[in-house]
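Colleague: I would like to take a close look at a single part of this model with you. Please go slowly, since I am still learning how to read such structures.

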Amino acid sequence: MLGSMARLDSAALAPAVARFLGVGVVVGETRRVSGGASRETWLFDATSSDGVTHALVLRRDPGAFAGQTDRATEYGLLAAAAAAGVPVPTVRLLLEPGDNLGSGFVMDRIEGETIPRKILRD
């Protein structure tokens with residue numbers, strides 16, 4: 001597990017991302033954003049060896065706490081929603097224990113608003 005939750009090392013994330021983008025992937029700077037309720041949300045770009053840049057999001061648990069739902073559940077729900085035709089970001093990767101990044105998953109980053117109060121107001 002990463003020592004500091006205030007930072008996410010791009011080099012530590014690259015091997016996991018390489019499982020779906022292939023060898024030679026370069027992960028750019030990671031940026032933690034607000035939102036995500038009790039989960040960490042990190043934005044980053046990853047460039048595959050063919051030069052294509054992918055806008056991605058890492059959703060991760062900050063640590064164990066009472067009432068926690070594993071990120072594998074959220075990953076599965078998003079995959080099921082996509083299979084049913086619901087417009088959701090494509091999930092790409094469920095983190096594994098050997099990634100040493102905690103419990104989380106990577107999905108495509110899409111433009112949009114995620115603040116319920118603002119969505120309901122608009």
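Is Phe105 buried or exposed, and what is its relative accessible area?

Modeller: Keeping in mind that this is a predicted model, we can say that Phe105 has a relative accessible area of 0%, and because buried means under 20%, Phe105 counts as buried. Phe105 lies in strand β6, which covers residues 104–108, and it is one of the residues of a separate core of seven residues, a second one, which also includes Val33, Val91 and Met107. The ring of Phe105 also takes part in an aromatic pair, and a search of the whole structure finds one such pair. Its partner is Tyr75, and since the two ring centres are 6.0 Å apart and the planes stand at 70 degrees, the pair is edge-to-face. Tyr75 sits in helix α2, residues 71–83, so that the pair, whose members are 30 residues apart, links distant parts of the chain. Unlike Phe105, which is buried, Tyr75 is partly exposed, with a relative accessibility of 22%.

To place this in the wider picture, we can turn to the largest nonpolar core, which holds 17 residues, and in which Leu13, Val17, Val27, Phe44, Ala46 and Leu58 touch the most other members. The elements that contribute two or more residues to this largest core are α1 (10–21), β3 (40–47) and β4 (53–60), and α1 gives the most, with five residues. Val17, when residues up to four places away in sequence are not counted, touches Val25, Val27, Phe44, Ala46, Leu56 and Leu93.

Methods: Residues numbered from 1 in each chain as written. Predicted model: local features only at pLDDT ≥ 70, side-chain atom pairs only at ≥ 80, totals over all residues. Heavy atoms only, no water. Phe/Tyr/Trp six-rings, centres within 6.5 Å; stacked < 30°, edge-to-face > 60°. Helix = DSSP H or I, 4+ residues; strand = E, 2+ residues; numbered from the N terminus. Buried < 20%, exposed > 50% of the residue type's maximum accessible area, 1.4 Å probe, protein only. Core = buried A, V, L, I, M, F, W, Y, C linked by side-chain atoms within 4.5 Å. Contact = heavy atoms within 4.5 Å.
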